[in-house]
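The exercises below can be worked through with the sequence and the coordinates open side by side. Each one sets a task and then gives a solution in steps.

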Amino acid sequence: MAVTYDDDEFGLSSADEAEFVALADSVAAKHTNKRKASNGELPPAKKLAIDPKAIALATTALTRDFAMKEFRLKQKQVISWILNGGSAAVVFPTGGGKSLTFQVPAVVFSELDALNDTRHEGNSGLTLVVSPLIALMKDQVDSLVRRGIKAAALDSTKTRDEYLETCRMLRDGELKILYCAPEKLNNEGFVEQMKYVRGGIRLLAVDEAHCISEWGHAFRPDYLKIARFSQEIKAERVICLTATATPRVASDICRSFNIDETEGLFRTSTYRKNLKLLAESGRTKQDLYPKLFGFLRTHPGPSIVYVTLQKQTEFLAADLRSQGFKAKAFHAGMDTSVKTQLQDEFMRYDDLIIVATIAFGMGIDKPNIRNVVHFNIPNSLESYSQEIGRAGRDGKASHCMFYVCGEDLHLREIFARGDLPSKKSVRRLLDDIFDPTMMQLPVGGEIQRNHMSQGKDFDIRSTTLANIYAQLELTHQLLRATTPMYTKYSYKAGSQYTSPSGGVGSDKSQAAQAIRAYGKRASTLYHIDVSAASSALRLPRVDIVKKLNEWSEAGHIELRPGGVMHVYKILRPIRSAEIEKLTTEIYDLMERREQEALARTDQMLELITDRKCFSLALAQHFGDELPGREEECGHCTWCMTHVQVLQEVPPPVEFNMSAFKTVLSKIPDRDDPRLLARIAFGIASPRVTSMKLSKEKIFMSMADHRFMV
Ligand SMILES: Nc1ncnc2c1ncn2[C@@H]1O[C@H](COP(=O)(O)OP(=O)(O)OP(=O)(O)O)[C@@H](O)[C@H]1O
């Protein structure tokens with residue numbers, strides 16, 4: 001069984017690559033002069049005195065634009081701090097209303113400017129929101145636009161016309177809020193565009209800000225670049241939002257964005273008194289099925305059951321249906337249309353159980369979810385807290401059940417250990433990045449590297465690879481990612497493509513000729529290597545990409561970009577002798593991350609196996625207490641029974657030499673001991689996949705052993 005990882009649905013955009021560079025240039029040129037002070041620097045952000053007028057405007061906006069009666073939690077404090085010129089970190093629980101803390105200021109800035117006569121119309125600047133989920137961005141933009149607020153998102157789903165309209169609104173200073181994915185910050189054109197946006201970046205909002213912390217459970221290298229981006233675009237102020245931040249992660253966020261930790265950190269209690277945190281253990285997974293069925297029978301209502309693997313969602317949903325429940329599976333591998341339909345159904349019905357991977361839930365704002373069940377061990381206390389936070393938003397009693405079983409530990413260990421390559425792999429990767437040709441290049445020169453093939457060649461997962469590049473970029477300041485390129489495109493051709501007189505046939509431009517000459521047909525698809533065509537014909541590749549996009553938008557072809565080539569600028573020279581040290585530093589850091597990932601499982605288990613109130617333990621993990629400093633919530637499994645939940649771990653097994661010999665007999669390679677251990681334990685990797693081993697009997701044949709043995 002190969003482990004399929006679920007991740008958020010975000011990605012590099014296809015249609016915008018060529019457009020962005022060209023259009024950003026024109027926007028940049030137009031506004032360069034307007035915003036720069038005489039020394040080329042922006043004037044420092046002007047701090048407003050705390051202004052009751054600002055709060056009055058915010059309150060009016062709340063009712064007028066958002067149709068809400070009053071502010072919740074610390075929304076008002078945050079908004080006034082932001083309007084006052086401060087940067088903030090906001091830690092509100094899931095569904096706490098974080099979005100409003102940047103949306104209200106975004107609307108109010110221009111009104112405040114008019115009132116104080118500080119800026120002319122159209123110069124009130126932009127609120128830029130960096131958010132990892134395309135679906136979430138879309139929901140928020142749709143809802144803002146419905147309310148008459150000028151908002152847009154830049155992502156791969158946008159048509160050319162939508163994109164151009166966004167650019168026009170930016171130029172005219174009409175746009176109030178722009179959403180983008182963190183990957184966008186690698187796009188040079190975009191960074192330039194944001195540097196010179198009309199009125200400047202008044203507010204940079206960073207959603208899911210815990211991803212910037214290396215101590216966080218969901219660290220994402222692209223997030224590390226946001227702090228640098230914020231400085232480069234001279235954002236006047238920043239707001240970082242998260243539902244889960246331990247004190248250490250919150251400090252990290254504040255430090256990265258220069259946020260005043262005493263005054264600019266707004267944290268509200270994570271404790272939700274209507275959530276009953278429950279746990280039960282079983283010796284085997286089989287023991288837990290009847291318990292789950294019984295629980296769902298006695299606790300009816302909309303429910304989410306979280307499992308780890310995509311396959312499990314299907315199996316368990318089928319099991320539940322056979323027991324008479326209305327249950328459906330959901331995971332990231334499904335078609336977008338199916339996922340959207342499932343989400344709609346879940347919103348509509350009051351008896352549907354969704355069995356899902358972690359891909360389900362972000363952006364689901366259903367008030368009456370009665371149960372959130374974890375049928376496997378959650379990733380971390382942070383994920384657990386976020387996932388259970390989806391229950392009972394209507395304030396009514398809801399149940400959060402965690403079924404724990406020793407068998408699941410293996411699965412968690414697979415996840416925790418999957419990202420660490422062998423040290424040799426890291427060294428080979430670095431030798432490939434810093435190859436002799438690269439070493440000859442001057443500072444400022446560019447190198448191109450294909451992550452996909454590097455991952456395969458050196459047996460490193462794509463997330464790990466991105467991490468290593470981020471370290472080279474931010475920690476070691478050797479490289480800097482710039483706009484990635486699609487080297488290869490595939491397309492399906494419509495009748496217009498082949499007709500000599502149609503729109504495409506009559507196109508005699510050089511780019512059109514290049515496509516016709518280099519687009520090679522293979523069954524139903526044409527494939528074109530844009531870089532090869534570009535260098536052979538001495539034609540800028542951007543022209544070919546533009547033409548492909550143009551035909552695609554006109555409906556003549558159906559375009560599918562592929563083969564991303566990452567482009568890096570050289571920031572400083574490196575000597576060959578440095579590479580060994582660099583390898584050790586990078587490897588050591590990744591090894592530490594592996595240990596932290598393992599520790600997160602332990603923390604998750606301690607929460608429910610300790611002799612302690614679950615709600616208190618969870619609150620304390622986030623640097624919080626129960627209201628009134630109570631020691632017990634009174635409604636978790638511990639408080640209700642005062643009996644410890646025992647996690648039944650299978651006893652360790654003796655090392656099985658014959659099983660190991662079988663592994664050795666099937667794998668002739670002896671260059672990487674970790675590869676052998678991975679196969680025996682059941683950890684997939686690019687090399688394991690390319691050797692087609694994950695379906696072999698030896699794969700996971702020693703899953704009952706400890707990995708380190
Ligand atoms: N002051 C308020 N009064 C009434 N409803 C509010 C208020 N603030 C926010 N809401 C509503 O609460 C819901 C959750 O808000 P929002 O999506 O901003 O939460 P969030 O903190 O971003 O949650 P998540 O962590 O899940 O992203 C939304 O439906 C929003 O309209």
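Two strands count as paired if DSSP finds at least two bridges between them. The model used throughout is a predicted one.

**Exercise 1. Describe the overall dimensions of the protein, and decide how its compactness relates to its length.**

Begin with the secondary structure, which comprises 28 helices and 18 strands. Next take the radius of gyration, which is 27 Å and close to the 27 Å that the globule rule gives for 709 residues, so the protein is as compact as a globular protein of that length. The C-alpha atoms fill a box of roughly 70 × 70 × 55 Å along the principal axes. Finally, 43% of the 709 residues count as buried, and among contacts with a separation of 6 or more, 77% are between residues 24 or more positions apart.

**Exercise 2. Work out the strand order of the open sheet that contains β6, and place β6 within it.**

The sheet has 7 strands in the order β3-β4-β2-β5-β6-β1-β7, with parallel pairing. Its edges are β3 (151-154) and β7 (265-267), each of which pairs on one side only. From one strand to the next the twist averages 15 degrees. Helix α3 (residues 75-83) packs on this sheet, where it touches β1 (88-91), β5, β6 and β7, and its direction makes about 165 degrees with that of β1.

For the neighbours of β6, count the bridges on each side. Strand β1 is joined to β6 by 4 bridges and runs parallel to it, and A88 stands opposite I239 in β6. Strand β5 (residues 201-206) is joined to β6 (residues 238-242) by 3 bridges, again in parallel. Among the residue pairs on this side, L204 has V238 as its bridge partner in β6, while V206 has C240.

**Exercise 3. Decide whether β6 is enclosed or open to the outside, and check its two faces separately.**

The criterion needed here is that a residue is buried if 20 or more other C-beta atoms lie within 10 Å of its own. By this criterion 5 of the 5 residues of β6 are buried, so the strand is largely enclosed by the rest of the structure. Taken face by face, V238, C240 and T242 are buried on one side, and I239 and L241 are buried on the other, which leaves both faces covered.

**Exercise 4. E208 and H642 both have a positive phi: which is buried and which is exposed?**

E208 is not a glycine, yet its phi is about 55 degrees, and E208 lies in the loop between β5 and α8 (221-232). Because E208 has 25 C-beta neighbours inside 10 Å, it counts as buried. H642, also a residue other than glycine, has a phi near 50 degrees and lies in the loop between α25 (637-641) and α26 (657-666). With 10 C-beta neighbours inside 10 Å, H642 counts as exposed.

**Exercise 5. Locate M485, and find how far M565 lies from it in sequence and in space.**

M485 belongs to strand β15 (residues 479-493) and, with 20 C-beta neighbours inside 10 Å, counts as buried. M485 and M565 are 80 residues apart in sequence, while their C-alpha atoms are 5.1 Å apart in space.

**Exercise 6. Characterise the surroundings of the ligand by residue and by class.**

The ligand is surrounded by 14 residues, of which the closest are M68, R72, G97, K98 and S99. Sorted by class, this shell holds 5 nonpolar, 6 polar and 3 charged residues.

Terms used
Residues are numbered from 1 along each chain as its sequence is written. This is a predicted model: local features need pLDDT of at least 70, side-chain atom pairs count only at pLDDT 80 or more; totals for chains, interfaces and linings use all residues. A residue is near a molecule or strand if its C-beta atom, placed from the backbone, lies within 6 Å of it. Ala, Val, Leu, Ile, Met, Phe, Trp, Tyr, Cys and Pro count as nonpolar, Asp, Glu, Lys and Arg as charged, and the others, Gly among them, as polar. Axes are lines fitted to C-alpha atoms, for helices over the stretch in contact, and angles run from 0 to 180 degrees between N-to-C directions. Two residues are in contact if their C-beta atoms, placed from the backbone, lie within 7 Å. The radius of gyration is taken over C-alpha atoms; the globule rule is 2.2 Å times the number of residues to the power 0.38. A residue is buried if 20 or more other C-beta atoms lie within 10 Å of its own, exposed if 12 or fewer, and partly exposed in between; C-beta atoms are placed from the backbone.
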